[in-house]
Amino acid sequence: MKNNLAVVGVQWGDEGKGKIVDILSEEFDCVARYQGGHNAGHTVNIGNQRHVLHLIPSGIFQPRVKCVIGGGVVLDPLALIEESQAIEKILSIGLEGRLFVSNRCHLILPYHRVLEAAVEKQLGERRIGTTSRGIGPAYEDKMGRRGLRVCDLMDTETLPEKIGELVAEKNRTLEALKYPQTIDPAPICDSYARYGKAIKGYVVNTSVLLNTMLRDGKRILFEGAQGTLLDVDHGTFPYVTSSSAAAGGVSTGLGISPKYVHSVIGVSKAYTTRVGGGPFPTESLDAPGELLRTRGNEYGSTTGRPRRCGWFDGPAARYATMINALDSIVITKIDVLDTFAQIPFCVDYKYKGAVLTEFPADAAILGDVEPVYKTLRGWQTSIAGTKEWGKLPAAAQDYLKFLSDYLEIPVTMVSTGPSREETIRV
Ligand code: GDP
Ligand code: IMO
Ligand code: MG
């Protein structure tokens with residue numbers, strides 16, 4: 001069956017994509033990441049083992065699945081080396097032949113993190129609250145047509161000169177930012193030459209690999225990182241990441257035609273979270289928000305930061321449904337809502353007294369909207385680990401039906417706990 005699927009985050013990331021991709025990938029030949037970098041933290045629970053993947057696709061625990069890191073990803077080679085070694089240890093096998101990295105990935109260098117820290121500091125209150133992984137500055141260099149790529153690592157003769165030129169330019173920028181340090185290119189040249197050797201066995205033209213697989217009728221799952229509201233074009237700019245997290249990024253990020261993306265599934269929590277700065281209309285800053293954080297263990301998988309928590313944001317999810325033309329939605333962490341007697345569900349935004357008909361472009365407007373809630377009935381019983389739709393209490397079924405009717409798409413999976421088994425296929 002030639003049926004390829006994109007799995008994307010509907011909200012501001014951390015929707016539980018890792019768990020869902022791991023489960024779905026059993027039916028695919030390949031899982032490919034198309035954007036982002038090690039800012040992502042995708043949790044996959046197998047048995048009682050918890051694995052957090054940052055760069056490696058969440059299909060890696062399925063033995064027959066090939067995993068691809070496409071050219072749209074920005075790569076910190078040291079992060080890849082550490083992560084691949086950790087997984088090799090867990091699986092007791094080498095990843096060569098199973099993990100493929102594009103020779104066109106742009107590289108994250110140590111100066112990207114330094115620059116990011118300097119810029120965030122300058123922004124003060126208006127800082128983005130990034131993951132400090134150097135993601136934004138690396139994508140800036142890509143779009144500015146300066147960046148180094150994986151293929152540059154493969155040519156150790158010319159590498160020092162290329163790094164030297166880039167470091168000189170970065171030092172000029174840091175000087176302008178009145179940053180107290182400068183960067184020494186020599187240790188970077190040494191370490192990056194070593195990293196190049198270490199990852200060489202994974203490096204190929206992944207676009208050729210994927211197109212060959214497609215021609216041979218193999219099925220590919222495209223794994224999104226972050227979420228639609230963090231997409232650089234369609235998210236809550238400037239409080240976004242620097243890549244195309246929505247389904248549109250699949251084609252450019254992997255070097256395959258959009259014709260091959262046959263369907264798109266969105267993953268969303270039954271409520272909403274966000275890490276970092278930026279508008280969040282349904283955020284609950286008091287007891288319910290705190291309860292969501294505690295019950296949902298809402299601390300970042302990558303940075304450990306407490307996640308901001310709030311109610312399901314209908315208008316934002318409806319917008320993400322349109323942007324991705326979602327065929328269906330997977331709702332995760334519904335068990336986190338178990339204790340609430342009433343569950344507010346945001347159905348509209350009001351701005352200056354009038355209901356908004358569109359998701360606003362301006363972050364200042366989104367920050368000022370007043371959410372209009374419909375209060376839904378809670379179930380106040382534990383549904384953690386439920387595996388069948390029929391075993392859900394009526395109020396939980398009603399909550400999911402309401403959400404599905406609101407978005408006008410089916411809910412095809414419901415996650416009731418972190419492990420593979422704690423899942424309902426609707
Ligand atoms: P991702 O970035 O979208 O892959 O999501 P993260 O892994 O960053 O965050 C999701 C967190 O929720 C992880 O700790 C998961 O183990 C956990 N999780 C996923 N699904 C469920 C669920 O249905 N219920 C509960 N309680 N936790 C879940
Ligand atoms: P996964 O794939 C949640 C957020 C950061 C910050 C903004 C920009 O696990 O869902 P960046 O470091 O990317 O420049 O930060 O984006 N962010 C995420 N939030 N989940 C993620 O990934 C995220 N990746 C980046 O917190 O607000
Ligand atoms: Mg995450």
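**View 1. Lining of the second largest pocket in the predicted model.** Two elements of secondary structure stand out here. Helix 1 (17-24) supplies at least two residues of the lining, and strand 3 (42-46) also supplies at least two. The pocket itself has a volume of about 510 Å³. Its lining counts 25 residues. Closest to the pocket centre are Thr43, Asn45, Gly296, Lys333 and Pro418. By class, the lining residues divide into 13 polar, nine charged and three nonpolar.

**View 2. The magnesium ion (ligand 3) and its two protein donors.** Asp14 coordinates the ion through OD, and Gly41 does so through O. The distances run from 2.0 to 2.2 Å. Asp14 sits in the loop between strand 1 (5-9) and helix 1, whereas Gly41 sits in the loop between strand 2 (30-33) and strand 3, so the pair ties together parts that are 27 residues apart in sequence. How exposed is Asp14? Asp14 is partly exposed, because its relative accessible area is 21% and the buried class takes only values under 20%. Gly41, at 11% relative accessibility, counts as buried.

**View 3. Gly41 and Gly70, seen together.** Gly41 belongs to the loop between strand 2 and strand 3. Along the chain, Gly41 and Gly70 are 29 residues apart. Their C-alpha atoms are separated by 17 Å.

**View 4. The aromatic pair Phe312 and Phe345.** This pair is tilted. The ring centres lie 5.0 Å apart, with 35° between the planes. An angle of 35° is not under 30 degrees and not over 60, so the pair counts as tilted and not as stacked or edge-to-face. Phe312 lies in strand 14 (residues 312-313) and Phe345 in strand 16 (residues 342-351). The pair therefore ties together parts that are 33 residues apart in sequence. Both Phe312 and Phe345 are buried.

**View 5. Phe345 again, now paired with Tyr399.** What is the geometry of this pair? The rings of Phe345 and Tyr399 meet edge-to-face, 6.1 Å centre to centre and 70° between the planes. Phe345 is in strand 16, and Tyr399 is in helix 13 (residues 394-407). The two residues are 54 residues apart, and their pair links distant parts of the chain. Phe345 is buried, and Tyr399 is buried too.

**View 6. The aromatic cluster that includes Phe345.** Which residues form this cluster? Phe312, Phe345, Trp379, Tyr399, Phe402 and Tyr406 form one aromatic cluster. The structure as a whole holds 10 aromatic pairs. Among them are the tilted pair of Phe312 and Phe345 and the edge-to-face pair of Phe345 and Tyr399.

**View 7. Arg219 over the ring of Phe28.** The side chain of Arg219 lies over the face of Phe28. The distance to the ring centre is 4.3 Å.

**View 8. The largest cavity and its lining.** How many cavities of 30 Å³ or more does a search of the whole structure find? The search finds one. The volume of the largest cavity is about 30 Å³. Its lining is made up of Val10, Gln11, Leu229, Thr272, Asp313, Ala316 and Ala317. Four of the lining residues are nonpolar, two are polar and one is charged.

**View 9. The cis peptide bond between Phe237 and Pro238.** Omega is about 5° for this bond. Where does Pro238 lie? Pro238 is in the loop between strand 10 (220-223) and helix 9 (249-254).

**View 10. Ala325, with a positive phi.** Phi of Ala325 is near 45°, a positive value in a residue other than glycine. Ala325 is placed in the loop between helix 11 (314-324) and strand 15 (328-332). Is this residue buried or exposed? Ala325 has a relative accessible area of 52% and is exposed, because the exposed class covers values over 50%.

**View 11. Gln380, with a positive phi.** Gln380 is a residue other than glycine, and its phi is near 45°. Its place is the loop between strand 18 (370-377) and helix 13. Gln380 is exposed, with 52% relative accessible area.

How values were computed:
Residues numbered from 1 in each chain as written. Chains lettered and ligands numbered in written order. Predicted model: local features only at pLDDT ≥ 70, side-chain atom pairs only at ≥ 80, totals over all residues. Heavy atoms only, no water. 1 Å grid on protein atoms, 1.4 Å probe; cavity = no way out; pocket = protein on both sides within 12 Å on 5 of 7 lines; lining within 4 Å. Points joined across faces, edges and corners; volume = space filled by probe spheres on them. Helix = DSSP H or I, 4+ residues; strand = E, 2+ residues; numbered from the N terminus. Nonpolar A, V, L, I, M, F, W, Y, C, P; charged D, E, K, R; others polar. Phe/Tyr/Trp six-rings, centres within 6.5 Å; stacked < 30°, edge-to-face > 60°. Buried < 20%, exposed > 50% of the residue type's maximum accessible area, 1.4 Å probe, protein only. Lys NZ or Arg CZ within 6 Å of the ring centre and 35° of its normal. Donors = N, O, S within 2.8 Å, 3.2 Å for Na, K, Ca; no water.
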